[in-house]
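Here's a walk through one protein chain, from its overall layout down to a few residues worth a closer look. Keep the viewer open and click along as you read.

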Amino acid sequence: MSSFPERVRALRKERKLTQWNMATICGVQLRAYQAYEYNQSYPDVPGLLRLADFFDVSLDYLMGRSDVREVQKPSELSEKECKS
């Protein structure tokens, strides 16, 4: 599986956006966004949520924990998943 920096870079390129565009979308300085792609830092939790929502992917996908891009809706979650 890919790591966060690889995923965020690939998702950005899919949308044909520059790092500068993404910095603006994320509300951070260009250097801060570049640090995400160069594996030097991570966004805070609200920043991760903003990225996942912007790209319409799950947090697990964005962070490299899953290869499933789709966001599961609450009705799609099993009872066991909701309790854990």
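What follows starts with the whole chain, moves to the core, and then visits some individual residues.

First things first: this is a predicted model. The chain holds 6 helices and 0 strands, so if you write out the elements from the N terminus you get α-α-α-α-α-α. Of its 84 residues, 32% count as buried. The accessible surface comes to about 5,700 Å², and carbon and sulfur atoms own 53% of that. Now look at how the chain folds back on itself. If you take the contacts with a separation of 6 or more, 49% of them are between residues 24 or more positions apart.

Next, the inside. In soluble globular proteins, nonpolar side chains tend to be buried together. Here the largest nonpolar core has 15 residues, and F4, Y33, L51, F55 and L62 are the ones with the most contacts inside it. Two or more residues each come from helix 1 (4-14), helix 2, helix 3 (30-37), helix 4 (45-55) and helix 5 (59-62). Helix 4 is the top contributor, giving 4 residues to this core. Pick out F55 and see what it touches: leaving out residues up to four places away in sequence, the list is V8, L11, R12, R15 and M22.

Helix 3 deserves a look of its own. Y33, Q34, A35, Y36 and E37 are buried there, and what covers the buried residues of this helix includes helix 1 and helix 2. Which residue of helix 2 can show us this from the other side? Try Q19, which sits in helix 2 (residues 19-26). Setting aside neighbours within four places in sequence, Q19 is in contact with R12, L30, Y33, Q34, E37 and Y38. Is Q19 buried or exposed? With a relative accessible area of 13%, Q19 falls under the 20% cut-off, so it counts as buried. Its side chain also makes a polar contact of 2.9 Å with the side chain of E37, and E37 is itself one of the buried residues of helix 3.

Now for two backbone oddities. Most residues other than glycine have a negative phi. K16 goes the other way, with a positive phi of about 55°. You'll find K16 in the loop between helix 1 and helix 2, and at 72% relative accessibility it counts as exposed. The other case is N39, which takes a positive phi of about 60° just after helix 3. N39 belongs to the loop between helix 3 and helix 4. How accessible is N39? Its relative accessibility is 49%, which lies between the 20% and 50% cut-offs, so N39 counts as partly exposed.

Moving along the chain, stop at V57, in the loop between helix 4 and helix 5. Being in a loop doesn't leave V57 out in the open here: at 3% relative accessibility, V57 counts as buried. Not counting neighbours within four places in sequence, the residues in contact with V57 are L11, A52, L62, R69 and V71. One of them, L11, is 46 residues away from V57 in sequence, with the two C-alpha atoms 9.6 Å apart in space. L11 also turned up on the list for F55.

A little further on is L59, in helix 5. L59 is partly exposed, at 35% relative accessible area. Together with V45 and L49, L59 makes a nonpolar surface patch of about 250 Å².

Last stop: D67, in the loop between helix 5 and helix 6 (79-83). Its relative accessible area is 53%, which is over the 50% cut-off, so D67 is exposed. Which residues does D67 contact, once neighbours within four places in sequence are left aside? They are M1, R7 and Y61. The pairing with M1 brings together residues 66 apart in sequence, at a C-alpha to C-alpha distance of 6.7 Å. With R7, D67 makes a side-chain to side-chain polar contact of 2.6 Å.

Definitions and conventions:
Residues numbered from 1 in each chain as written. Predicted model: local features only at pLDDT ≥ 70, side-chain atom pairs only at ≥ 80, totals over all residues. Heavy atoms only, no water. Buried < 20%, exposed > 50% of the residue type's maximum accessible area, 1.4 Å probe, protein only. Polar contact = N/O pair within 3.5 Å; in protein donor to acceptor, adjacent residues only side chain to side chain. Contact = heavy atoms within 4.5 Å. Core = buried A, V, L, I, M, F, W, Y, C linked by side-chain atoms within 4.5 Å. Patch = residues over 30% accessible without salt bridge, like charges linked within 9 Å, V, L, I, M, F, W, Y side chains within 5 Å. Areas by Shrake-Rupley, 256 points an atom, 1.4 Å probe, with all protein chains shown as cover. Salt bridge = Lys/Arg side-chain N within 4 Å of Asp/Glu carboxyl O.
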